[in-house]
Amino acid sequence: MNPTQRVPMSSPDITDAERQAVAEVLNTSSLSMGRRIDHFEEAFKKYTGSKFAIGVNSGTAGLHLCVRAANIHPNDLVITTPFSFVASSNVILFEHAIPVFVDVEPGTGNIDPLQVAEAVRDLSSGDRAGKKWLPRKMDVEPQKLKAILPVDVFGQPADYDALNSIASDYDLVVIEDSCEALGAEYSGRKAGTLGDYGVFAFYPNKQMTTGEGAVIITDDSEAADLMRSLRNQGRAPGDTWLQHTLLGYNYRLDEMSAALGEVQVSRLDEMIDKRAVVASWYYDRLSDVQDLELPTLSPMTTRMSWFVFVIKFSESIDRDQVAAKLGDLGVPARPYFLPIHLQPYMVSLFGYEKGDFPITENLGKRSLAIPFSSVMTEDQVEYVCQSIISVIRNL
Ligand SMILES: Cc1ncc(COP(=O)(O)O)c(C=O)c1O
């Protein structure tokens with residue numbers, strides 16, 4: 001590979017079939033709320049086996065509707081992970097509820113069910129034991145623990161057998177943030193179907209894309225009706241265009257995105273398989289490199305749906321220096337994730353400090369996402385790997 005040619009961080013996988021599907025929509029007068037969204041939702045019901053699928057215009061919107069459907073009110077508590085993209089915590093804050101962070105497993109980066117069990121027990125006891133799980137700065141009286149919102153990090157489901165058993169003992173809703181894990185399987189069951197509601201997101205770096213967009217899946221008909229109404233400005237089924245039964249949002253997915261998504265979902269397994277091949281090229285070339293840890297898969301992950309490829313450096317390596325040097329070689333790389341509790345707005349809202357969630361912080365300090373997509377070539381992977389190896393050697 002010519003080193004002056006930049007390897008893209010990610011690339012959508014688009015064929016003529018997608019181009020044609022979008023062009024066909026543009027030749028009609030129905031650019032929103034037409035039949036494409038119905039087809040798109042049907043395709044998701046079929047793919048996941050869920051009873052209901054609701055297309056929306058972002059993963060954030062989808063998760064927000066789940067929080068609404070779960071009856072989460074101001075000052076209620078929701079257990080979630082600080083090792084995620086900010087949207088999974090933000091949707092809790094949108095409803096003025098309180099995200100209660102629980103640290104993650106060091107291998108997978110997914111929320112640690114043992115700590116969740118402890119937190120749920122303490123928070124439900126009604127005595128002082130619960131206090132240690134709450135943010136140190138809070139000027140409101142915490143209300144009821146209502147839900148767990150786990151995230152299927154990097155394309156690998158969290159440990160839902162353990163999480164669901166805790167949730168059922170304490171009557172909690174489980175909102176599965178599967179925005180990064182469409183197509184993954186946990187013990188033979190599809191990601192997104194593992195909690196009460198699941199959300200997949202389709203930004204262009206995801207396993208499939210609609211440009212912007214997402215889909216919520218659930219078997220709960222009442223929740224599905226509510227979500228359909230809320231995505232469409234709170235219109236109930238009998239409402240006219242200017243009648244609004246509920247306070248809602250415009251979270252609708254347009255017809256071009258739905259048409260694009262319908263073709264993409266028909267190619268999804270092929271694209272996930274291609275991503276698995278790219279991941280295997282990385283494992284082949286990087287497994288024996290000193291000071292480097294490759295992603296860990298849980299034995300419960302019966303199918304990984306690679307979203308990003310995140311490597312971890314040993315403590316002695318300055319990850320940010322490696323990223324800068326890779327950038328000079330035309331290899332983009334990003335720290336992934338930066339802990340949510342240390343984001344400036346979270347610090348100012350809740351007074352979090354360094355050291356509050358040590359495993360998350362450790363992963364956040366050592367992790368680097370390297371170029372990844374289903375259209376990456378073996379030459380590109382080879383170049384990225386050679387660059388990483390030479391940068392580490394010459395630090
Ligand atoms: C874990 C996770 N949750 C939520 C989202 C939000 O999705 P969107 O960007 O479509 O709003 C993302 C998107 O990257 C994500 O990775």
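Guide: Welcome! A polar contact is a pair of N or O atoms within 3.5 Å. Keep that cut-off in mind as we look at this predicted model.

Visitor: What makes the pairing of Asp 177 with the ligand a polar contact?

Guide: A polar atom in the side chain of Asp 177 lies 2.7 Å from a nitrogen atom of the ligand. That distance is within 3.5 Å, so the pair counts as a polar contact.

Visitor: Which residues are the closest to the ligand, and how many surround it?

Guide: The ligand has 13 residues around it, and the closest are Gly 59, Thr 60, Asp 177, Glu 180 and Lys 206. Lys 206 places an N or O atom of its side chain 2.7 Å from an oxygen atom of the ligand. Gly 59 uses its backbone instead: a polar atom there is 2.8 Å from an oxygen atom of the ligand.

Visitor: Let's turn to the helices. Why is α2 called roughly parallel to α8?

Guide: Helix α2 (residues 35–48) and helix α8 (residues 255–266) cross at roughly 30 degrees, and their axes come within 8 Å. Angles under 35 degrees count as roughly parallel, so α2 is roughly parallel to α8.

Visitor: Is their crossing left-handed or right-handed?

Guide: α2 passes α8 in a left-handed crossing. On the α2 side, the residues that meet α8 include Ile 37, Phe 40 and Phe 44, while Ala 258, Ala 259 and Val 265 are among those in α8. By class, this contact has 7 nonpolar, 2 polar and 4 charged residues.

Visitor: What makes α3 and α7 oblique to each other?

Guide: Helix α3 (residues 59–69) packs against helix α7 (residues 221–231) at an angle of about 125 degrees, with 10 Å between the axes. Roughly perpendicular covers 65 to 115 degrees and roughly antiparallel means over 145. An angle of about 125 degrees fits neither class, so α3 and α7 are oblique. Leu 65, Cys 66, Arg 68 and Ala 69 in α3 meet Ala 223, Leu 226, Met 227, Leu 230 and Arg 231 in α7. The residues of this contact divide into 7 nonpolar, no polar and 2 charged.

Visitor: Where is the cis peptide bond?

Guide: The cis peptide bond joins Tyr 336 and Phe 337, with omega about -5 degrees. Phe 337 sits in the loop between β13 (334–335) and α11 (344–350).

Visitor: What is the phi of Met 33?

Guide: Phi of Met 33 is near 55 degrees, a positive value in a residue other than glycine. You will find Met 33 in the loop between α1 (16–26) and α2.

Key:
Residues numbered from 1 in each chain as written. Predicted model: local features only at pLDDT ≥ 70, side-chain atom pairs only at ≥ 80, totals over all residues. Heavy atoms only, no water. Axes fitted to C-alpha atoms, helices over the stretch in contact; angles between N-to-C directions. Helix = DSSP H or I, 4+ residues; strand = E, 2+ residues; numbered from the N terminus. Left-handed = near helix turned anticlockwise from the far one by under 90°. Contact = heavy atoms within 4.5 Å. Nonpolar A, V, L, I, M, F, W, Y, C, P; charged D, E, K, R; others polar. Near = heavy atom within 4 Å. Polar contact = N/O pair within 3.5 Å; in protein donor to acceptor, adjacent residues only side chain to side chain.
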